[in-house]
Amino acid sequence: MRRHLILAAPLLAAALLAGHAVAADAPATPPKSTAPFDPRSFDGTWDRYPLPTDAQRDPTTLAVPRPADVPPPPLKPQYRPEWEAKRKKIQEANARGEPIANEYTACMPDGMPTMMQAMFPMEVVTNKRQMTIIQEAYNQVRRIYFNEKLPAAEDAEPGFWGHSAGHWEGDTLVVDTVGIKDYVLFRDVPHSANMRINERMKMLDANHFENTVTVTDPEYLEKPWTWKWIYQRRPNYKMYEYVCEQNHEFADPTTGAQRMKITPPPSKK
Amino acid sequence: MKTAIHTLARGLGLALVVLAASTAQAHHSFAMFDNDHQIKLSGTVADFKWQNPHVYIWLNAPNEKGEMKTWMIECANPGILNRVGWKFNMIKPNDKLTVIVAPLRTGEPGALLKQMKLADGTKMENGGPAGPPNIPID
């Protein structure tokens, strides 16, 4: 067993690296689109970039440089200890093999901005009025309305995806989002009703677009929190439906740990 | 040399824990399953549910002590599995199936699928971030 473990460790490490934050099921060499390049159209189906296979490649051989990891949130000092303690608790629970149940255990969708990390493929459909982004995981949909004024923070009805308005600056689509529920969190970072998510989306070439995300929150953040996500085209992909209909994982009511509910075969009930 | 390999393995083990923790940000943690002690099960399918957030196989198979159990085996979701070549109707009750799984740490008869071999010999993996098997299926 020990030998198996030793031999398997590098493979597992590579596999986990490969699977890190990206669906590990993307094709090794995705077919390229033959559509003419339109710098003002994000329409189509997309995977988060880099693909797992690209993540292990020599970076100098990549057509598009890999984006840097999302940096730690610039929380104000008074909020940092609680956030760090929470993250440490999650890591320690995982290390013990007793992971803490999270929002996914309760079949909750990502919301914004987490949805844009594109856990699964993502589809963009645009008309004159709006750009609609569909994330396969949890059937998530957000709508970005063009040339519309956002509501003031106190008038923005809170939701998972909030209210988004977009306008073009050259060939960059600039999108602002407000109105995210206070318990819809990215990386467990708390936020206020005054959080604003700014996105700058730009086609890099016919098959890649980047999204520079900047979160501001005068109550919780001491400065803007910025990172970049890149997406790679997945041509001709047909999105699957995703209804989180029955999760056999549940939160232990005593410990809060994620557990699996063992049931008899459904047909035998 | 042996010590060096062990040190390396321990280091990688630690790296795995850290990576597993950060991977959990993407979706959910697989830490409730014992990745280091994967087992092979051969048996008969009792049921198969193609649904989100996870596909499940119920498999009647003996444990390592030879006791018959009904195992509940967690797979990825229909989208991931379709993309790695599965089909919603490829497994049916009474099918013979061999699997490599990471069992629950609690000792209950539940597990995470790593690899499976259908009655016709076709081998399939679980796709997604669940990771590959670390013991042979044949």
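## Working through a two-chain predicted model

The largest nonpolar core holds 35 residues, and B:Ile57, B:Leu59, B:Ile73, B:Val99 and B:Val101 have the most contacts inside it. Such a core is a set of buried Ala, Val, Leu, Ile, Met, Phe, Trp, Tyr and Cys residues joined through C-beta atoms within 7 Å. Buried means 20 or more other C-beta atoms within 10 Å of the residue's own, exposed means 12 or fewer, and partly exposed is in between, with C-beta atoms placed from the backbone.

A quick note before the exercises. This is a predicted model, where local features need pLDDT of at least 70, side-chain atom pairs count only at pLDDT 80 or more, and totals for chains, interfaces and linings use all residues. Residues are numbered from 1 along each chain as its sequence is written, while chains are lettered from A and ligands numbered from 1 in the order in which they are written.

### Exercise 1: the cores

Work out which elements of chain B supply at least two residues each to the core of 35 residues.

Step 1. Lay out the elements: chain B has two helices and six strands, running α-β-β-β-α-β-β-β from the N terminus. Helices (H or I, at least four residues) and strands (E, at least two) are DSSP runs, numbered from the N terminus.

Step 2. Pick the contributors: β1, β2, β3 (68-74), α2 (78-83), β4 (96-103) and β5 (110-118) of chain B each give at least two residues to the core.

Step 3. Zoom in on one residue. Leaving out residues up to four places away in sequence, B:Val101 touches B:Gln38, B:Ile39, B:Leu41, B:Ile73, B:Ala111, B:Leu112, B:Leu113 and B:Lys114. Contact here means C-beta atoms, placed from the backbone, within 7 Å.

Step 4. Look for another core: a second, separate one has 33 residues, including A:Met115, A:Met119, A:Phe120 and A:Met195. In soluble globular proteins, nonpolar side chains tend to be buried together.

### Exercise 2: the barrel

Trace the strand order of the barrel in chain A and look at one of its pairings.

Step 1. List the elements: chain A has three helices and 11 strands, in the order α-β-α-α-β-β-β-β-β-β-β-β-β-β.

Step 2. Close the barrel: nine strands do it, in the order β1-β2-β3-β4-β5-β6-β7-β8-β9, with mixed pairing. The average twist from one strand to the next is 30°, taken between axes that are lines fitted to C-alpha atoms, with angles from 0 to 180 degrees between N-to-C directions.

Step 3. Check a pair: β8 (residues 208-216) and β9 (residues 225-233) of chain A run antiparallel and are joined by eight bridges; two strands pair if DSSP finds at least two bridges between them. A:Val215, for instance, has A:Trp225 in β9(A) as its bridge partner.

### Exercise 3: unusual backbone

Find the cis peptide bonds and the positive phi values, and place them.

Step 1. Cis bonds. The bond from A:Tyr49 to A:Pro50 is cis, with omega near 5°, and A:Pro50 sits in the loop between β1 (44-49) and α2 (52-55) of chain A. In chain B, B:Asn52 and B:Pro53 share a cis bond with omega about 5°; B:Pro53 is in the loop between β1 (39-49) and β2 (56-62).

Step 2. Positive phi without glycine. A:Ala118 has phi of about 55° in the loop between α3 (80-96) and β2 (122-126) of chain A. A:Asn147 has phi near 50°, in the loop between β4 (140-146) and β5 (163-169) of chain A.

Step 3. Buried or exposed, A:Ala118 and A:Asn147? A:Ala118 is buried because 26 other C-beta atoms lie within 10 Å. A:Asn147 counts as exposed because its C-beta neighbours inside 10 Å number 9.

### Exercise 4: across the chains, and how far to trust it

Place A:Pro265, find its contacts, then check the confidence of chain A.

Step 1. A:Pro265 belongs to the segment after β11 (258-260) of chain A and is partly exposed, since 19 other C-beta atoms lie within 10 Å.

Step 2. Leaving aside neighbours within four places in sequence, A:Pro265 contacts B:Ala46, B:Asp47, B:Trp58 and B:Thr70.

Step 3. The pLDDT of chain A averages 88, and 85% of its residues score at least 70; pLDDT is the predictor's confidence in each residue, from 0 to 100. Residues 1-24 of chain A fall below 50, yet this stretch has 59 contacts in the model beyond near neighbours in sequence. Where pLDDT is low, the predicted coordinates should not be read in detail.

Conventions. Contact = placed C-beta atoms within 7 Å.
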